[in-house]
Amino acid sequence: MPLATRQPAAKAADLLAWYDRHRRSLPWRVLPGERPDPYRVWASEIMLQQTTITAVKPYFERFMARFPTVEALAAAPSEEVMQAWAGLGYYSRARNLHACAKAVTASHGGRFPDTEAGLRALPGIGAYTAGAVAAIAFDRPAAAVDGNVERVMTRLFAIEAALPGAKPVIREHVLALLPMARPGDFAQALMDLGATICTPRNPACGICPWREPCRARTAGTQESYPRKAAKKAGVTRYGAAFVLLREDGALLVRTRPNKGLLGGMAEVPTSDWRADYELDGAAQDAPFVTRWRKLGTPVRHVFTHFPLELTVLVAKAPATSQAPLGMRFTPRGKLRDEPFPSLMLKVVEAGLAALRPPSSAP
Ligand code: SF4
């Protein structure tokens, strides 16, 4: 008999039984029998997009302490939201999160819509998040397909099509498996399976509840899934970042435009970031005419679409200096309140360390 016909079918019940024994305890997850708070489910899902659970956990706790309800988040000034988000990356998520909280408060009386379609109509909620929130918060039979779920499904069914083209097929498989009872637990079980058992490398197939029906395991080809289309590496961009410290300890800072990369975040003034940036002409991009000192080691950062290399230039300015238009001098004690993304924290740290008098060096 050919192998394919002997393969048993994957069942939701097997996954749910496994989940009942091995579910992860997460700050945004409720205990069995408790009703989840849609606000917490939604906020955690937005934070978890492109960010690991380990990184999100402390942010989530702090964020919820600061903005305990969707109304509190909606009423907060955007600088405060960006500041609470600083360090999590992908800052358009924070702007969308804030816009969504305002929409839920203004148009839905502070209650999240309980259907996928209703959720998708809100700012920043795409197919995945709508499915995840509908399933987890409202126990709707919805598919929530993230990277973990894609990996499990492509292995379970040996899906040969490469991502991202395979997404519709994967979704169909998830929908076909969805149980009418406990769809919210099913969505979370699938996520947990991908995160803890069906890992990218060395999946623990021996203890997987779907080891029998899994086609990739049977063929011994687990790690070759999901198939991926070849990716083009982004071209490295270069630029200069200017760390100007006034003699009273204030740092020259500005806010990036709301739209675009790192929108609404704080930064020290920088040049444009270009593949053909000429560092020799950096003085022309400086916010002040002064003697700039170039640091030897550039700050490197990798964005989704390109790597960036910023050369840091440092200088001091007299205590009476005024900030150029659109910039401000932030006193040293208030720097922590500036929503610097992690790239800028590295730049500021490198610049301030270089400006510190030698006697105060550790
Ligand atoms: S048997 Fe292995 S490859 Fe298949 S779903 Fe389970 S962990 Fe993943």
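## Close-up views of a predicted model

**Figure 1. F112 sits in a loop between two helices.** F112 is found in the loop that runs between helix 7 and helix 8. The model shown here is predicted. F112 has a relative accessible area of 9%, so this residue is buried. Leaving aside residues up to four places away in sequence, F112 touches P38, Y39, W42, V70, C100, V104, L119, L122 and F138. A137 offers a distance to gauge by: its C-alpha lies 9.6 Å from that of F112, while the two residues are 25 apart in sequence.

**Figure 2. W42 and F112 form a tilted aromatic pair.** The structure holds 9 aromatic pairs. In one of them, the ring centres of W42 and F112 are 5.0 Å apart, and the planes meet at 45°. W42 belongs to helix 3, residues 38–48. F112 lies in the loop between helix 7 (92–108) and helix 8 (116–120), so the pair ties together parts that are 70 residues apart in sequence. Are the two partners buried or exposed? Both W42 and F112 are buried. Y39 joins them, and Y39, W42 and F112 form one aromatic cluster.

**Figure 3. W273 and F303 form a stacked aromatic pair.** Why does the pair of W273 and F303 count as stacked? The ring centres are 6.0 Å apart and the planes are at 20°, and stacking requires planes under 30 degrees apart. Each partner sits in a loop between strands, and the pair links distant parts of the chain. W273 is in the loop between strand 3 (266–267) and strand 4 (293–294). F303 is in the loop between strand 5 (299–302) and strand 6 (307–317). The two residues are 30 apart in sequence. W273 has 13% relative accessibility and therefore counts as buried, the cut-off being under 20%. F303, at 12% relative accessibility, counts as buried too.

**Figure 4. Helix 6 packs against other helices.** Helix 6 spans residues 78–85. Which of its residues are buried? They are V81, M82, Q83, A84 and W85. These buried residues pack against helix 3, helix 4 (53–66), helix 5 (70–75) and helix 7. Helix 3 also carries W42, the aromatic partner of F112. Just after helix 6 comes G87, with a positive phi of about 105°.

**Figure 5. Residues 47–196 carry a domain annotation.** The unreviewed UniProt entry lists residues 47–196 as "domain: HhH-GPD". How much of this span is helix, and how much is strand? The span is 66% helix and 0% strand. Its end C-alpha atoms lie 19 Å apart.

**Figure 6. The whole protein sets the close-ups in context.** The protein has 14 helices and 7 strands. Its C-alpha atoms fill a box of roughly 80 × 45 × 35 Å along the principal axes. Of its 362 residues, 48% count as buried. Among contacts with a separation of 6 or more, 69% join residues 24 or more positions apart. The accessible surface comes to about 18,500 Å². Carbon and sulfur atoms account for 54% of that surface. The protein has 47 positive and 32 negative charges, and the mean positions of the two sets are 3 Å apart.

Notes:
Residues are numbered from 1 along each chain as its sequence is written. This is a predicted model: local features need pLDDT of at least 70, side-chain atom pairs count only at pLDDT 80 or more; totals for chains, interfaces and linings use all residues. Side-chain values use heavy atoms; hydrogens and water are left out. UniProt positions are given in the numbering used here, feature names are shortened, and annotations may be inferred rather than shown by experiment. Helices (H or I, at least four residues) and strands (E, at least two) are DSSP runs, numbered from the N terminus. Buried means under 20% relative accessible area, exposed over 50%, partly exposed in between (1.4 Å probe, protein chains only). Contact means heavy atoms within 4.5 Å. Accessible areas come from the Shrake-Rupley method with a 1.4 Å probe; for residues, only the protein chains shown count as cover. Lys and Arg count as positive and Asp and Glu as negative; His and the chain ends are not counted. The place of a charge is taken as NZ of Lys, CZ of Arg, CG of Asp or CD of Glu. Rings of Phe, Tyr and Trp (its six-membered ring) pair if their centres lie within 6.5 Å; planes under 30 degrees apart count as stacked, over 60 as edge-to-face and the rest as tilted.
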